[in-house]
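User: Please examine the structure shown below with me. I should like each answer to be reasoned from the model itself.

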Amino acid sequence: MNAPAFDLVLRNARVATASDSFDCDIGIRGGRIAALGDALAGGAREIDAAGRTVTPGGVDAHCHLDQPMAAPVRMADDFDSGTRAAACGGTTTVIPFAAQERGQSLRAAVTDYHHRAEGRAHVDYAFHLIVSDPTPQVLGEELPALIGEGYTSFKIYMTYDDLKLDDGQVLDVLEVARRHGAMAMVHAENADCIEWLTKKLEAAGRTAPRFHAHARPMLVEREATHRAIALSQLVDVPILIVHVSGREAVEQIRWARAQGLNVFAETCPQYLFLTAADLGIDDSYLGARCVCSPPPRDASNQEVIWAGLNDGLFTVFSSDHAPFRYEGTEGKQPGGEQVAFRHIPNGIPGIETRLPLLYSEGVLGGRMTIHKFVELTSTNPAKAYGLHPRKGTVAIGADADLVVWDEREFVLRNEQLHHAVDYTPYEGMTLRAWPGLTLSRGEVVWDGATFHGRAGRGRFLACGEPSLLPRRG
Ligand code: DUC
Ligand code: ZN
Ligand code: ZN
């Protein structure tokens, strides 16, 4: 008897890409898509998608996993639990951050981060860099060398005492991005304004979690966004503004686009589905669970973000998963204490819920086409960070990273999730869809009920030049 033509055939798929929908069988061989067609020959294994929607696996281009923190704080998710949660939520590629500590070489940060990932990841991963100490050695040697080795994107911060760069330093690193064709991601909030407001709030005894949002109004994001745009214009290099929260930053980005500048933007689920009220309407400490930066805004700003997702203002929709437990001593209550808002670790979990939230409320809620959904959650992040077309699409030769969607209503509970965090900000929300199957390089890692990953099966991906950028002459 002849050997089967394929390792796996996914039959009767209703495939949706960033541009098209089509019905076909998907033949998978050696972890890649080998054929798309009607009535394909047999596979060693066959799965019937039964006409359900099939999208490319998600690419979560902004998540934090096992990133070193100052004791006693520690991230809840490492590469094991974080990529397990990703797979169960339909994400098959993650790009977390190898973060340089001040005084540390960038190379050492990357080496350390590989150790943290090795043998643990269930899905494929690449690294962004975080540059917090742009010494001459970093600017002249380490960063260019690392970009050449496949770390083609880095994040810079305009806030957080241990990470922030001044404007001169931002210009220096943007110049390296320009020279070597890297993508610079910018966390845009004005650090001095935040510190000034925080001190005023503290002097008035306003230290409950909800005051985190008062210390970081949209103005501080607007100012830093404008400044980042101006700095990138001076250097003549594209930038990507991450986790844009609302109208004021959006207006700055629209202005930049109108000038013809290559300013890209990312937003996240928390700016569609949470508001500042989730940080508390009274002084309850429970609001610490939703403390993230920039903070969620209000319902009218959620509408601005929806509009920006649909009209092309946003290129990428990421989770900014930054996982800290609420209970215990390592997370939102450092050392077991209910601390003033300035000491609450910033970040919320979202790596598993990113796609189901947007599919439910966006696609099935009639707010977004399925093609826009795929573009924002998979295709564009793969392009922005040099992983396309291996990742981010359904095409012959692409990795067989696929999600089959189950459309059914259910109430989301944290106990259904696979991260190591003890809460979800979206507890009790009614969702209308969840991945019924996730394939990573042709292997079933999630079947809608059971996780089938294997720590260490996820591979490191060296990134190419971001293909969203204009080609350099
Ligand atoms: N803000 C960040 O900039 N990173 C992690 C989480 C957060 O809230
Ligand atoms: Zn950030
Ligand atoms: Zn982040």
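User: How many residues of domain 1 are in contact with domain 2, and how many of domain 2 take part?

Analyst: This is a predicted model. The protein is divided into domain 1, which covers 6-56 + 391-446, and domain 2, which covers 58-384. Counting heavy atoms within 4.5 Å as contact, the residues that meet are 40 from domain 1 and 50 from domain 2.

User: What distance separates the centres of domain 1 and domain 2?

Analyst: The two domains are in contact through 40 residues of domain 1 and 50 of domain 2. Taken over C-alpha atoms, the separation of their centres is 27 Å.

User: Where does the largest nonpolar core lie with respect to domain 1 and domain 2?

Analyst: The largest nonpolar core has 106 residues, and those with the most contacts inside it are Phe154 and Phe373. Because domain 1 (6-56 + 391-446) and domain 2 (58-384) both give residues to this core, its place is between them.

User: Which residues does phenylalanine 154 touch, leaving aside those up to four places away in sequence?

Analyst: Phe154 is one of the residues with the most contacts inside the largest nonpolar core. With residues up to four places away in sequence set aside, phenylalanine 154 touches Leu129, Val131, Leu143, Val173, Ala177, Ala182, Met183, Ala184 and Met185.

User: How many residues does the second, separate core have?

Analyst: This second core is separate from the largest one, and includes Val59, Leu163, Tyr385 and Leu461. Its residue count is 21.

User: Which residues coordinate the zinc ion (ligand 3)?

Analyst: The donors follow the spacing H-x1-H-x255-D along the chain. Both histidine 62 and histidine 64 are buried. At 2.0 to 2.1 Å, the zinc ion (ligand 3) is coordinated by His62 (NE2), His64 (NE2) and Asp320 (OD).

User: How far apart are the zinc ion (ligand 3) and the zinc ion (ligand 2)?

Analyst: The zinc ion (ligand 3) has His62, His64 and Asp320 as its coordinating residues. From this ion to the zinc ion (ligand 2), the distance is 3.8 Å.

User: What percentage of the accessible area of ligand 1 does the protein cover?

Analyst: The residues around ligand 1 include His64, Lys155, Cys292 and Asp320. A nitrogen atom of ligand 1 is 3.2 Å from an N or O atom in the side chain of tyrosine 160, while an oxygen atom of ligand 1 is 2.9 Å from an N or O atom in the side chain of histidine 187. A polar side-chain atom of histidine 243 lies 3.5 Å from an oxygen atom of ligand 1. Of the 240 Å² of accessible area that ligand 1 has on its own, the protein covers 95%.

Technical notes: Residues are numbered from 1 along each chain as its sequence is written. Chains are lettered from A and ligands numbered from 1 in the order in which they are written. This is a predicted model: local features need pLDDT of at least 70, side-chain atom pairs count only at pLDDT 80 or more; totals for chains, interfaces and linings use all residues. Side-chain values use heavy atoms; hydrogens and water are left out. Donors are N, O and S atoms within 2.8 Å of the metal (3.2 Å for Na, K and Ca); water is not among the atoms, so sites may look incomplete. Buried means under 20% relative accessible area, exposed over 50%, partly exposed in between (1.4 Å probe, protein chains only). A nonpolar core is a set of buried Ala, Val, Leu, Ile, Met, Phe, Trp, Tyr and Cys residues joined through side-chain atoms within 4.5 Å. Domain bounds come from an automatic or database domain assignment. A residue is near a molecule or strand if one of its heavy atoms lies within 4 Å of it. A polar contact is a pair of N or O atoms within 3.5 Å; within protein, one must be able to donate a hydrogen and the other to accept it, and residues adjacent in sequence count only if both atoms are side-chain atoms. Accessible areas come from the Shrake-Rupley method with a 1.4 Å probe; for residues, only the protein chains shown count as cover.
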